[in-house]
Each structure stands twice: as structure tokens, then as C-alpha cells.
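Visitor: I would like a close look at a single part of this model, taken slowly and with its surroundings described.

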Amino acid sequence: MSDKPHGSESAPTPEELRQQVEHTRDELGQTVEALAAKADVKARAQEQAAAVKEQAAEKAAHLTDQVRDKVGQATQLVKDKTPDPILDKAAAGAAQVRDAASRAGQLAADKTPDPVCEKAGQAVSMARAKRTPLLAAAAALVAFLLIRRSRRRCR
């Protein structure tokens with residue numbers, strides 16, 4: 001296959017042959033690179049895992065926002081429908097519960113052995129350091145439970 005018209009019977013020149021060989025080498029190199037990329041299962045799996053992880057994080061963030069909105073709406077609805085004297089009593093009761101919980105927590109901390117306190121402190125530090133994955137996992141769990149609950153209602 002040369003670029004010469006059909007009427008020309010002369011053999012290709014050495015320069016034309018070099019160009020054809022170079023062109024064929026380029027095409028072969030591109031083909032080999034494409035095949036190597038398709039054969040690299042580990043890299044493709046990692047790319048897919050990263051994409052799935054990103055989608056899950058986006059969905060978790062979206063669901064978290066939806067849950068916050070629903071909670072805010074429900075809270076406002078309860079506040080609007082609840083008479084003021086009951087709200088006042090609820091606030092006072094909540095303050096008493098907070099105080100009692102604080103005292104109970106302090107008592108538990110005083111009675112807990114030091115090694116247990118140290119392990120708990122380490123767990124809290126680790127949870128704070130890995131807050132985003134924990135929140136994403138919690139949001140995914142909430143989404144799963146909500147989906148499961150809605151499917152049960154449909155049956």
C-alpha cells in the first residue's frame with residue numbers, strides 16, 4: 001500500500017519505506033498501550049473502587065442533608081404545635097436530665113480503672129481523627145435502614 005497512483009508500478013523509495021515502518025511502529029505502540037491498560041485489572045479495579053467510593057460519599061452527604069432538613073422540619077412542627085407551658089416544662093426536664101447525666105458520667109469516670117479510661121480516650125481520639133469515614137458509614141447505614149423500612153411498607 002503506497003500513496004502512489006495505480007498506474008505507477010515503481011517500488012517505494014527507501015524514505016517512503018522508513019515512513020511506513022515508523023507509522024506502523026506508532027500504531028503498534030498505541031495498540032500495545034491500549035491492550036496493556038485493558039489487561040491491568042488491578043488499576044481498573046482501583047479506579048472503579050475510587051469511583052464507587054466517591055459516589056457513596058456524595059450519596060451519604062445528600063442523604064445527611066435530607067435527614068437534617070426533615071429533622072429541622074419535624075422539630076419546627078413540634079414546637080409550633082406544642083403549647084408554651086409544655087415547652088417550658090420540657091426544657092426544665094431536659095436541663096435536669098443533662099445535669100443527672102453529667103453527674104452519672106462524672107461518677108462513672110471516677111469509678112473506672114485508669115487502663116479502661118486510657119483505652120476509651122484512644123478510641124475517642126481515633127474516632128475524631130477518622131470522623132469523615134465514620135459519618136459516611138453512619139449515613140450509609142441510615143440510608144440502608146430507611147430503604148429497607150420503605151420496602152417493608154410496600155409489601
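Visitor: How do the residues of the lining of the largest pocket divide into nonpolar, polar and charged, and which residues and helices supply that lining?

Guide: Bearing in mind that this is a predicted model, the residues lining the largest pocket divide into 10 nonpolar, two polar and three charged. The lining comprises 15 residues, and those lying nearest the centre of the pocket are Ala56, Ala57, Ala60, Leu135 and Ala136, while the space within the largest pocket comes to about 340 Å³. Two helices, helix 2 (41-81) and helix 5 (131-154), each contribute at least two residues to this lining, and helix 2 gives the most, with nine residues.

These helices also take part in a feature on the surface, since helix 2 and helix 5 each supply at least two residues of a nonpolar patch. That patch is formed by Val67, Val71, Val142 and Leu146, which together have about 290 Å² of accessible area. One of its members, Val71, is placed in helix 2, and Val71 counts as partly exposed because its relative accessibility is 47%, a value in between the 20% under which a residue is buried and the 50% over which a residue is exposed.

Away from the pocket lining as a topic, Thr13 lies in the segment before helix 1 (14-39), and with 34% relative accessibility Thr13 likewise counts as partly exposed. From Thr13 to Asp88 the separation is 75 residues in sequence and 99 Å in space, taken from C-alpha to C-alpha.

Methods: Residues are numbered from 1 along each chain as its sequence is written. This is a predicted model: local features need pLDDT of at least 70, side-chain atom pairs count only at pLDDT 80 or more; totals for chains, interfaces and linings use all residues. Side-chain values use heavy atoms; hydrogens and water are left out. On a 1 Å grid over the protein atoms alone, a cavity is a set of points where a 1.4 Å probe fits but cannot get out, and a pocket is an open set with protein on both sides within 12 Å along at least five of seven lines; lining residues have an atom within 4 Å of a point. Grid points are joined across faces, edges and corners, and a volume is the space filled by probe spheres set on the points. Helices (H or I, at least four residues) and strands (E, at least two) are DSSP runs, numbered from the N terminus. Ala, Val, Leu, Ile, Met, Phe, Trp, Tyr, Cys and Pro count as nonpolar, Asp, Glu, Lys and Arg as charged, and the others, Gly among them, as polar. Buried means under 20% relative accessible area, exposed over 50%, partly exposed in between (1.4 Å probe, protein chains only). Patches are made of residues with over 30% relative accessible area and no salt bridge: like charges are joined within 9 Å, nonpolar side chains (Val, Leu, Ile, Met, Phe, Trp, Tyr) within 5 Å. Accessible areas come from the Shrake-Rupley method with a 1.4 Å probe; for residues, only the protein chains shown count as cover. A salt bridge is a side-chain nitrogen of Lys or Arg within 4 Å of a carboxyl oxygen of Asp or Glu.
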